[in-house]
Amino acid sequence: MKALRFEDNKLKLADVAVPRREGEALVRMTTAGICNTDVEIARGYADFRGTLGHEFVGVVEESPDRSQIGRRVVGEINAGCGQCDLCRRNDPRHCPDRTALGIRGRDGAFAEYLSLPPRNLLIAPDSVSDRQAVFTEPLAAALEILDQVEIRASHHVAVVGDGKLGQLISRVVARTGCDLTLIGKHDAKLELAERAGIKTVKLGAAEIAPCSEDFSRHVTTKVFTTVTTKEPRFDFVVEASGSSGGIELALDLIRPRGAIILKSTFRGAVQLDTSRIVVNEISVIGSRCGRFETALRLLESGGVDVEPLVAREYRLADGVEAMAEAQRPGTLKVLLTN
Ligand SMILES: [Zn+2]
Ligand SMILES: [Zn+2]
């Protein structure tokens, strides 16, 4: 079968064997989504070698659970050992021996077929199209924030980063009724958010890059004059810019004793003045994968409209080109179809 792989420091379309793992289901991918994580992996993040991709919808062709055969499914990407405490509580997301689809020890979804344990698969409701269902994983990642912190209607919340994940997070967080501001640097993306009823602030392209003290003061002033708050006082700042400068900006925006939720994963380290975290007693919360069930139900109810976030569809065979497109600044979700 054809698979889009990252090997020998190169992204390429390769012919590989159909993945059949003992005791697992074989899924024919129909639509897959390119995530920033895939782009970062192709830059060396997570030291992963193999078939990329973890956002998918597909049809089950083989499974030890015969009730799944022929069904359209999405899949929880973390496959746990099944034995440890976490796995026994049906939460393999932090199992020490887990593999993760297309990220850690397991070939991914940018291929004609993929393999996952039957318990990882969830049936996609008929009313949720492939183009919607493919957002289950990133939507779950956005919803994870609401599992970690309690955002109420009285809270002021900023989301830094207007890309794919920032867009989903904004739509999910807005549902709490809080006072939400999305901070980004791309006109078209900010407009898209505004059409969904989200308040936005635009920064110049250079302003989200790692910035000097002077510069960050300038950015902070700009954000606050635009959102008409007098001083830094966002209760929560979600950092989803995908760049190291986003964290610095988050620290400028958060109120004392507020919480910063970090969503960006990228290759390399960030230099940070941690005294600011100490002095202002900021909580810093890492946030990764969320629950699929909640995300699917939200898609089913129409609570979040994801289709405007699709930039373009490519055939799997044009996967290398699709990855290049996904990296172009301003591009939203690029899909692969099989
Ligand atoms: Zn993803
Ligand atoms: Zn485990």
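Me: Does R5 count as buried or exposed?
Reply: This is a predicted model. Buried means under 20% relative accessible area. R5 has 11% relative accessibility, so R5 falls under that cut-off and counts as buried.

Me: Which residue forms a salt bridge with R5, the closest N and O atoms being 2.9 Å apart?
Reply: Side chains of opposite charge can pair when their charged atoms come close. A salt bridge needs a side-chain nitrogen of Lys or Arg within 4 Å of a carboxyl oxygen of Asp or Glu. At 2.9 Å, the pair with R5 meets that cut-off. The partner is E7.

Me: How far apart are the closest N and O atoms in the salt bridge of E7 with K12?
Reply: E7 is partly exposed, with a relative accessible area of 22%. K12 is partly exposed too, with a value of 27%. Their salt bridge has its closest N and O atoms at 3.9 Å.

Me: Which residues are linked with R5, E7 and K12 in a network of salt bridges?
Reply: E7 pairs with R5. E7 also pairs with K12. The network takes in these three residues and adds D8 and D107.

Me: Which residue meets D91 in a salt bridge?
Reply: D91 counts as buried, at 15% relative accessibility. Its partner is partly exposed, with a relative accessible area of 33%. The side chains meet at 4.0 Å, N to O. That partner is R291.

Me: How many residues apart in sequence are the parts that D91 and R291 tie together?
Reply: The two side chains meet in a salt bridge. D91 lies in the loop between helix 2 and strand 8. R291 lies in the loop between strand 16 and helix 10, so the pair ties together parts whose separation in sequence is 200 residues.

Me: How many salt bridges does a search of the whole structure find?
Reply: The pairs include E7 with R5. D91 with R291 is another. A search of the whole structure gives 27.

Me: What is the relative accessibility of L116?
Reply: L116 lies in strand 9, residues 113–116. Its contacts include E24, A25, F56 and L101. L116 counts as buried, and its relative accessibility is 0%.

Me: How far apart in space are L116 and R106, C-alpha to C-alpha?
Reply: L116 touches R106. The two are 10 residues apart in sequence. In space, C-alpha to C-alpha, they are separated by 9.1 Å.

Key:
Residues are numbered from 1 along each chain as its sequence is written. Chains are lettered from A and ligands numbered from 1 in the order in which they are written. This is a predicted model: local features need pLDDT of at least 70, side-chain atom pairs count only at pLDDT 80 or more; totals for chains, interfaces and linings use all residues. Side-chain values use heavy atoms; hydrogens and water are left out. Buried means under 20% relative accessible area, exposed over 50%, partly exposed in between (1.4 Å probe, protein chains only). Helices (H or I, at least four residues) and strands (E, at least two) are DSSP runs, numbered from the N terminus. Contact means heavy atoms within 4.5 Å. Lists of a residue's contacts leave out its neighbours within four places in sequence.
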